[in-house]
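Got the viewer open and your selection box ready? Let's walk through this one stop by stop.

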Amino acid sequence: MYIIKEDQVTNIAQELHKEYQVYGPVLEKETRQTMFVKADDAGEIDLELPIPANPAKHVLFPQFERIMSYTYDRKNKKAEIKPDFDDAPKALFGMRSCDLSGMLCLDRFFLGQEFADEVYRNHRKNMFIVTNTCVEPFKQCFCVCTDSGPSAHEGYDLNLTDLGGEYLVEVGSDKGKKLAEKMSLPKAGDSHKKEKEKRVDRSVSLFDSLAKDNKAWISRVVNRVTTGLIDEKVWEYIGDQCLECGACTFVCPSCSCFNIMDPVTGADSADRMRTWDSCAYEGYSRMAGGHNPRKPVEDRRNKRFFCKLSYSQSKKYLRPGCVGCGRCAWVCPGDIGLPNVVTYIRREIQK
Amino acid sequence: MSEINNTTIPEIATIEEIKDEIVDVKTFYLSFDERKGGKAPQFKSGQFVMCTVFGAGEFAVSLPPSPENDRFHLTVRKVGKVTDALHELFAGDKVGIRGPFGNGFPFDEIKGKNVIYVAGGIGLIPLRSSIMHVMQNKEKFGRILLFLGARTPRELMYQYNLKDWKTAPGFETYITIDNPVPGWDGENGFVHTLLKKVDVPVKDTIAFVCGPPIMFNAVIKELTGLGISEESIVSTLERHMKCGIGKCQHCSIGRTLVCTDGPVYTYRQIKTLGEQI
């Protein structure tokens, strides 16, 4: 554990910038929104900004991504395929713990199943992660209900906590330790550790008064969602409010459905692109020929909440798929962000 | 898996020969450019591959050849953008192949049992691999029955195989055509009605069913009515698939993914997954 002065904390980002592309929370001038984006200058990153509007998912799972390119010469009967994906080392600086939990879900899903995803692995293998403890919850947060905050437990290289005037720097890996030593940061003492615990406890206690938007006791509904013992009417009510925009899946730190297409780039060449997809879309499960086994919108919404809340999916992620960031509730044009869905299901259980 | 890793990046194969099967259905015989002798990767009956048509896209398709000693081929119906483009190709053209993926048919569990195949139309394509395998190892199984339905005689798949199967000893073939047609002197009616007309073994029997949803449901009703248990009815499902390796999630049914947990399911599994066929 180390200590760094508040006005020097972005020096860590500067240091990382020498070796990595650095991503972090940046205030977008036009929209005045906090976005988690690539910072050309590490000085743009501000750790005091509120939770970013987008999770860091797009760094290792971009919305549009080329995974290979190929040429085919039909006249001479020749074809050539070339793997073509980005593997530049990237650093995520000032990531919130909910977003890190979402990323760990993706790690287990993309790398821990029967097949490992090569493209994802390339993004992930040289990544440096610096998390930032939320010493105060934001309006839409409910990470205390999903065990993913307000402070990260695992998966980071360095974890920062604002102690007022200075930051505690916790080390989570050898890579992180090396960087802290390279910057010759002063060691932290027991009092700093105690202060961090105090601040995390205070943050948790503030959820009642500050995080007013959402409450989601997901542990109460996991059983019902897994067994499917939920009245069809509840899903219909939820489906009725879905406008099929797909926004919830795009801002979700743990949603990872993708589509694959081959846009033509020349007379005899094409790319293979991987793009985000959403289970909200009607075409999601439609097969060639038009047969669609999952047509009604409530079936499709049911699918998303099954992914986030069921025990079977949790086994793949080794935790619930929902990480409590509250973004789906924030962007939903209806009223079916995950916390509300949990409320609807609980209401039905209590009947 | 073979030494060539094609799970993400396809390997290139050459179309050696194209055979017209029925209207809109062609068989493409392939050799693999990067493998010794053009030999196909090892696969199990019931698995599938992802086939890239350059400049058009990629689609999932079942494997009809027997895994033992058959020329590697894909039988594809022209049904959408990518398969349309495949049908435009000629012998000598290249395609990309990833796979094989999926679980395959449970052959170890069915040794010594009677085997029933029920196929509707092009539902015979994914079953062909299994039929060829069982034919070659006839002594390991009990009675072998094939029930096949098609709209017209011209829409019967694999007519060159059917000829052999009809006369093969120990192999019972029953074929029906939906409506009477001049020149057809066989059975008429939907394929599930055939099951009523024949003495179908029930004890120690496994049934492979594949076909359009309406036919599937009618056949299931008939088979379970005869007393064949839900675990003994096996089918292979098709879904919208993009990756084949359990990542894109398009093929999810209930808590399973057709590409890695399927495509072969028992009817008991299909029922509890709670989605329509």
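What follows is a list of selections, each with a note on what is there.

**Before you click**

This is a predicted model, so to speak with filters: local features need pLDDT of at least 70, side-chain atom pairs count only at pLDDT 80 or more, and totals for chains, interfaces and linings use all residues. Residues are numbered from 1 along each chain as its sequence is written, chains are lettered from A and ligands numbered from 1 in the order in which they are written, and side-chain values use heavy atoms, with hydrogens and water left out.

Helix and strand labels are DSSP runs numbered from the N terminus (helices are H or I with at least four residues, strands are E with at least two).

**Stop 1: the sheet in chain A**

Switch to cartoon and find the open sheet of seven strands in chain A, ordered S1-S9-S8-S7-S6-S2-S3 with mixed pairing. Two strands pair if DSSP finds at least two bridges between them. At the edges sit S1 (2–5) and S3 (34–38) of chain A, each pairing on one side only. From one strand to the next, the twist averages 25°; axes here are lines fitted to C-alpha atoms, for helices over the stretch in contact, and angles run from 0 to 180 degrees between N-to-C directions.

Now select 158–162 and 166–171 of chain A: these are S8 and S9, an antiparallel pair with five bridges. Which residue is the bridge partner of Leu158(A) in S9(A)? Click Val171(A) and you have it.

Add 97–111 of chain A. This is helix H3, which lies across S6 (90–96) and S7 (128–132) of chain A and runs at about 130° to S6(A).

**Stop 2: two salt bridges in chain A**

Show side chains for Lys90(A) and Asp86(A), which meet in a salt bridge at 3.3 Å, N to O. The term stands for a side-chain nitrogen of Lys or Arg within 4 Å of a carboxyl oxygen of Asp or Glu. Lys90(A) is buried at 1% relative accessibility, while Asp86(A) is partly exposed at 36%. (Buried is under 20% relative accessible area, exposed is over 50%, partly exposed is in between, with a 1.4 Å probe and protein chains only.)

Next, pick Asp99(A) and Arg327(A), another salt bridge, with the closest N and O atoms 2.8 Å apart. Asp99(A) is in H3 and Arg327(A) in H13 (residues 327–331) of chain A, so the pair ties together parts 228 residues apart in sequence. Asp99(A) counts as buried at 3%, and Arg327(A) counts as buried at 0%.

**Stop 3: crossing helices**

Select 232–240 and 297–309 of chain A. The axes of these helices, H9 and H11, come within 8 Å and cross at roughly 100°. H9(A) and H11(A) are therefore roughly perpendicular; that label covers 65 to 115 degrees, with under 35 roughly parallel, over 145 roughly antiparallel and the rest oblique. Among the residues making the contact (heavy atoms within 4.5 Å) are Trp235(A) and Ile238(A) of H9(A), and Arg301(A) and Phe305(A) of H11(A).

**Stop 4: odd backbone spots in chain A**

Most residues other than glycine have a negative phi, and most peptide bonds are trans. Zoom to Gly149(A) and Pro150(A), which are joined by a cis peptide bond with omega about 0°. Then jump to Leu318(A), a residue other than glycine with a positive phi near 60°. Leu318(A) sits in the loop between H12 (311–317) and H13 of chain A and counts as exposed at 62% relative accessibility.

**Stop 5: over to chain B**

Select 48–53 and 57–62 of chain B: S3 and S4 run antiparallel, joined by six bridges. Met50(B) has Ala60(B) as its bridge partner in S4(B). The two strands form a hairpin with three residues between them, and Gly55(B) in the turn has a positive phi of about 85°.

Pick Arg71(B) and Glu17(B) for a salt bridge at 2.8 Å, N to O. Arg71(B) is in the loop between S4 and S5 (73–77) of chain B and Glu17(B) in S1 (residues 11–22) of chain B, so the pair ties together parts 54 residues apart in sequence.

For the last view, show both chains: Asp262(A), Arg272(A), Glu58(B) and Arg98(B) are joined into one network by salt bridges that share partners. Across all chains, the whole structure has 32 salt bridges.
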